[in-house]
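The report below walks through selected features of one model, beginning with a single side chain and its surroundings. Please keep the sequence and the coordinates in view while reading.

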Amino acid sequence: MIGMMGLEHGVSGSYDPADVKFLLKPVRMDFVDVEAKERAIQSGRRHYSEMLAPESAPTPAYMRAFEQAFDANRGRVGRDIARLAKALAARGGEEIVLVSLARAGTPIGVLLKRTLETLGRTVAHYSVSIIRDRGIDRIAMRAILAQHATSTVVFVDGWTGKGAIANELAETLARDLPELVDAPLCVLSDLAGKADIAAGDEDYVIPSAILNGVISGLVSRTVLNADVVGPGDFHGCVILDHLSERDLSRWYVDQQMADVRVCLADAEPAAWTQTERSRASAVSQAFVEAMLARSGIGDRNRIKPGIGESTRALLRRVPERLFVRTPTSEDTDHLVSLAAERGLAVEFDADLPYSACAVIRTLGDA
């Protein structure tokens with residue numbers, strides 16, 4: 001297609017350009033109030049990808065919870081990144097092309113790129129948009145495949161929740177990019193049993209999951225709005241310059257790499273078997289069905305299982321209920337802090353299979 005964007009149009013956000021290239025189109029657009037956005041989504045008037053809610057700097061209380069979560073889990077993340085990198089390094093070929101799913105996959109992709117290079121592999125790292133019900137950015141993927149072999153591609157995300165994005169990836173590849181149907185999906189924690197390569201399925205807090213743009217290169221959630229994204233364009237994003245003084249993107253990957261290096265020599269390659277995937281999938285599906293019945297709603301998209309999904313729900317949506325497994329936990333203290341900021345009651349349930357679950361509120365006129 002004439003005028004299609006290529007790799008030269010990528011941006012690095014606030015990351016070192018050697019770490020990642022976002023195949024996204026920086027755009028300007030008006031922000032929409034969170035509740036107005038939620039009403040538009042639930043009523044069917046707008047798709048969530050057409051709107052952005054404003055992002056503000058984390059409060060001091062939330063930052064304290066983040067720092068506590070980072071201190072508690074940085075060793076775990078370091079070990080899991082080392083294990084995933086060892087598994088990826090064992091793949092054949094001259095190079096590895098990491099394609100992170102923006103935004104949650106991007107910090108993980110940066111860490112994997114650095115670790116794989118430490119292991120002597122040649123690595124390229126891109127971050128592309130994938131949107132539920134709209135698919136992966138085909139323009140971005142075609143730009144990648146114009147420069148790299150299909151056999152080198154590995155998709156990267158932070159975690160799976162219900163598996164909606166993993167399912168979207170599989171469906172869009174089968175439909176639009178069949179040459180990539182065998183490209184693996186690699187995540188730290190595979191709650192839904194949907195990833196090909198994972199360090200496990202334990203619901204622990206991944207520090208990069210609990211902040212927004214200030215830990216993801218000052219890039220907003222991706223948008224697909226015809227007012228700002230044309231037929232030959234990459235999906236869009238807003239560069240969050242107003243948060244530049246609070247940006248932790250480079251700091252985080254630098255800090256976390258220290259833990260990776262400690263673990264790298266002794267780390268065993270991650271092995272995520274089909275038996276483990278099936279078990280995780282069965283737990284996930286049963287839990288979502290139980291929460292639908294418990295909450296009296298019929299829309300699976302409004303059940304947000306796991307710490308990562310619950311965090312995003314409290315930051316970006318209008319939650320009705322927040323469940324956590326234990327009253328006090330370094331893994332969920334940031335969620336309790338967010339709930340307090342929003343006046344949301346927290347319900348404790350020791351029988352949850354995950355550390356947390358959020359349920360999105362039904363808005364009256366939706």
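With the side chain of which residue does the side chain of Asp 331 make a polar contact? In this predicted model, the partner is Asn 73, whose side chain makes a polar contact with that of Asp 331 at 2.9 Å.

**A buried acidic residue**

Asp 331 is found in the loop between strand E13 and helix H9, the latter spanning residues 333–342. Asp 331 is buried and yet has no salt bridge, the nearest side chain of opposite charge being that of Arg 325, 6.8 Å away. Because a salt bridge requires a side-chain nitrogen of Lys or Arg within 4 Å of a carboxyl oxygen of Asp or Glu, the 6.8 Å to Arg 325 does not qualify. Besides the contact with Asn 73, a polar atom of the side chain of Asp 331 lies 3.4 Å from the backbone nitrogen of Val 205. When neighbours within four places in sequence are left aside, the residues in contact with Asp 331 are Asn 73, Asp 203, Tyr 204, Val 205 and Ile 307.

**Strand E15 and its partners**

Strand E15, residues 356–360, is mostly covered, with five of its five residues buried. Both of its faces are covered, since Ala 356, Ala 358 and Ile 360 are buried on one side, and Cys 357 and Val 359 are buried on the other. Strand E12 (residues 303–305) pairs with E15 in the antiparallel sense over three bridges, and within this pairing Ile 303 stands opposite Val 359. Strand E13 (residues 319–324) also runs antiparallel to E15, to which five bridges join it, and here Phe 323 has Cys 357 as its bridge partner.

**Nonpolar cores**

The largest nonpolar core has 72 residues, of which Leu 98 and Leu 112 touch the most other members. Helix H2, residues 60–89, supplies the largest share of this core, with twelve residues. Apart from it lies another core, of 32 residues, among them Met 5, Val 99, Tyr 126 and Val 128. Leaving aside neighbours within four places in sequence, Leu 98 is in contact with a number of residues, including Leu 88, Leu 112, Leu 116, Val 123, Tyr 126, Val 154 and Val 156.

**Salt bridges**

Side chains of opposite charge can pair when their charged atoms come close. The structure holds 23 salt bridges, and three of them are listed here.

| Pair | Closest N to O |
|---|---|
| Asp 176 and Arg 138 | 2.6 Å |
| Arg 300 and Glu 289 | 2.8 Å |
| Glu 347 and Arg 321 | 2.9 Å |

For the pair of Asp 176 and Arg 138, the salt bridge ties together parts that are 38 residues apart in sequence, because Asp 176 lies in helix H5 (residues 164–176) and Arg 138 in helix H4 (residues 138–145). Asp 176 is partly exposed, at a relative accessible area of 24%, and Arg 138 likewise counts as partly exposed, at 29%.

In the salt bridge between Arg 300 and Glu 289, Arg 300 lies in the loop between helix H7 (274–295) and E12, while Glu 289 lies in helix H7, eleven residues apart. Arg 300 is partly exposed at 35% relative accessibility, as is Glu 289 at 44%.

Glu 347 and Arg 321 form a further salt bridge; Glu 347 lies in strand E14 (residues 346–348) and Arg 321 in strand E13, so the pair ties together parts that are 26 residues apart in sequence. At 28% relative accessibility, Glu 347 counts as partly exposed. Finally, a network of salt bridges links Arg 76, Asp 80, Arg 83 and Glu 202.

Conventions: Residues are numbered from 1 along each chain as its sequence is written. This is a predicted model: local features need pLDDT of at least 70, side-chain atom pairs count only at pLDDT 80 or more; totals for chains, interfaces and linings use all residues. Side-chain values use heavy atoms; hydrogens and water are left out. Buried means under 20% relative accessible area, exposed over 50%, partly exposed in between (1.4 Å probe, protein chains only). Helices (H or I, at least four residues) and strands (E, at least two) are DSSP runs, numbered from the N terminus. Two strands pair if DSSP finds at least two bridges between them. Lys and Arg count as positive and Asp and Glu as negative; His and the chain ends are not counted. A polar contact is a pair of N or O atoms within 3.5 Å; within protein, one must be able to donate a hydrogen and the other to accept it, and residues adjacent in sequence count only if both atoms are side-chain atoms. Contact means heavy atoms within 4.5 Å. A nonpolar core is a set of buried Ala, Val, Leu, Ile, Met, Phe, Trp, Tyr and Cys residues joined through side-chain atoms within 4.5 Å.
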